[in-house]
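Thanks, everyone. I will go through one structure this morning, starting with burial and then turning to charged pairs.

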Amino acid sequence: AKNSLLERFKQTLKHVGKFDVLVGYFRSSGFFSLYKDLENIDEIRILNGLDIDEKTFDIIEESKNEIIESGFKTKENFAKSFETEVANSNDTKEVYEGLMKFKEFIKSGKIRFKQHPSHNIHAKVYISRFKGELSEMDYGRIITGSSNFSKSGFVDNYEFNVELKEKTDVVFAL
């Protein structure tokens, strides 16, 4: 998958400080495909618009129904739910390491995950903002198109995505 979205992310994410994701469908397979490339990113914000893994949805709904629950407890419950969902995945080193990283990123606050209240957003937008000296010359990137946050969206399916590089486009997308 030489020209895949996954390969494009692998090229650009090493220079990224902040990564924003807006997708209709969020799947753990997407995270497992990218977790090593997300390691050096400072902040990851995910806004999901239509559907997430069933166990993830359940824990988000449970946390909404709690009258008083700390942010840490919510993150911990989310991570436990994600772990349960992964128990049904192929038992590979990549899945196990990805699970541990996802739990670590959620607990530390590196990943902030939100579900859009209307559940009607089908858009797929990936916004990368560069860090360090590179950000002064080249603010960031937007990739938008048909790819959801999943292994099939990154590699397996025939998808169409466009990459925008102008700072004004990145600011508008934010």
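Before the first helix, a definition: a residue counts as buried when its relative accessible area is under 20%, as exposed over 50%, and as partly exposed in between. Please also keep in mind that this is a predicted model.

With that cut-off, the buried residues in helix 1 include Leu5, Leu6, Phe9 and Thr12. Where do they sit around the axis? They lie on the same side of helix 1, because the arc they cover is only 135°. Among the elements covering the buried residues of helix 1 are strand 1, helix 2, strand 4 and strand 5. Helix 7, residues 151–156, and strand 6, residues 161–164, also contribute to that cover.

Strand 1 is on that list, and strand 1 is itself mostly covered, with eight of its eleven residues buried. Its pairing with strand 4, residues 125–130, is antiparallel and is made through six bridges. As one point of register, valine 21 is opposite tyrosine 126 of strand 4.

Now the charged pairs. In general, side chains of opposite charge can pair when their charged atoms come close. How many salt bridges does a search of the whole structure find? The search returns eleven, and I will show three.

Helix 1 takes part in one of them: lysine 10 and aspartate 37 form a salt bridge, at 2.9 Å from N to O. This pair connects distant parts of the chain, since lysine 10 belongs to helix 1, residues 5–12, and aspartate 37 to helix 2, residues 28–38, with their positions 27 residues apart. Lysine 10 is partly exposed, at a relative accessible area of 29%.

The second pair is arginine 45 with aspartate 20, where the N to O distance is 2.6 Å. Here strand 2, residues 43–52, supplies arginine 45, and strand 1, residues 16–26, supplies aspartate 20; the two are 25 residues apart. Is each partner buried or partly exposed? Arginine 45 has a relative accessible area of 31%, so it is partly exposed. Aspartate 20 is at 6%, so it counts as buried.

The third pair is arginine 112 and glutamate 43, with closest N and O atoms 2.9 Å apart. Arginine 112 is in strand 3, residues 111–115, and glutamate 43 is in strand 2, 69 residues away along the chain. At 42% relative accessibility, arginine 112 is partly exposed.

Finally, which residues are joined into one network by salt bridges that share partners? They are Lys18, Asp20, Glu43, Arg45, Arg112 and Arg129.

Methods. Residues are numbered from 1 along each chain as its sequence is written. This is a predicted model: local features need pLDDT of at least 70, side-chain atom pairs count only at pLDDT 80 or more; totals for chains, interfaces and linings use all residues. Side-chain values use heavy atoms; hydrogens and water are left out. A salt bridge is a side-chain nitrogen of Lys or Arg within 4 Å of a carboxyl oxygen of Asp or Glu. Helices (H or I, at least four residues) and strands (E, at least two) are DSSP runs, numbered from the N terminus. Buried means under 20% relative accessible area, exposed over 50%, partly exposed in between (1.4 Å probe, protein chains only). Two strands pair if DSSP finds at least two bridges between them. The arc is that of the directions from the helix axis to the C-beta atoms. Contact means heavy atoms within 4.5 Å.
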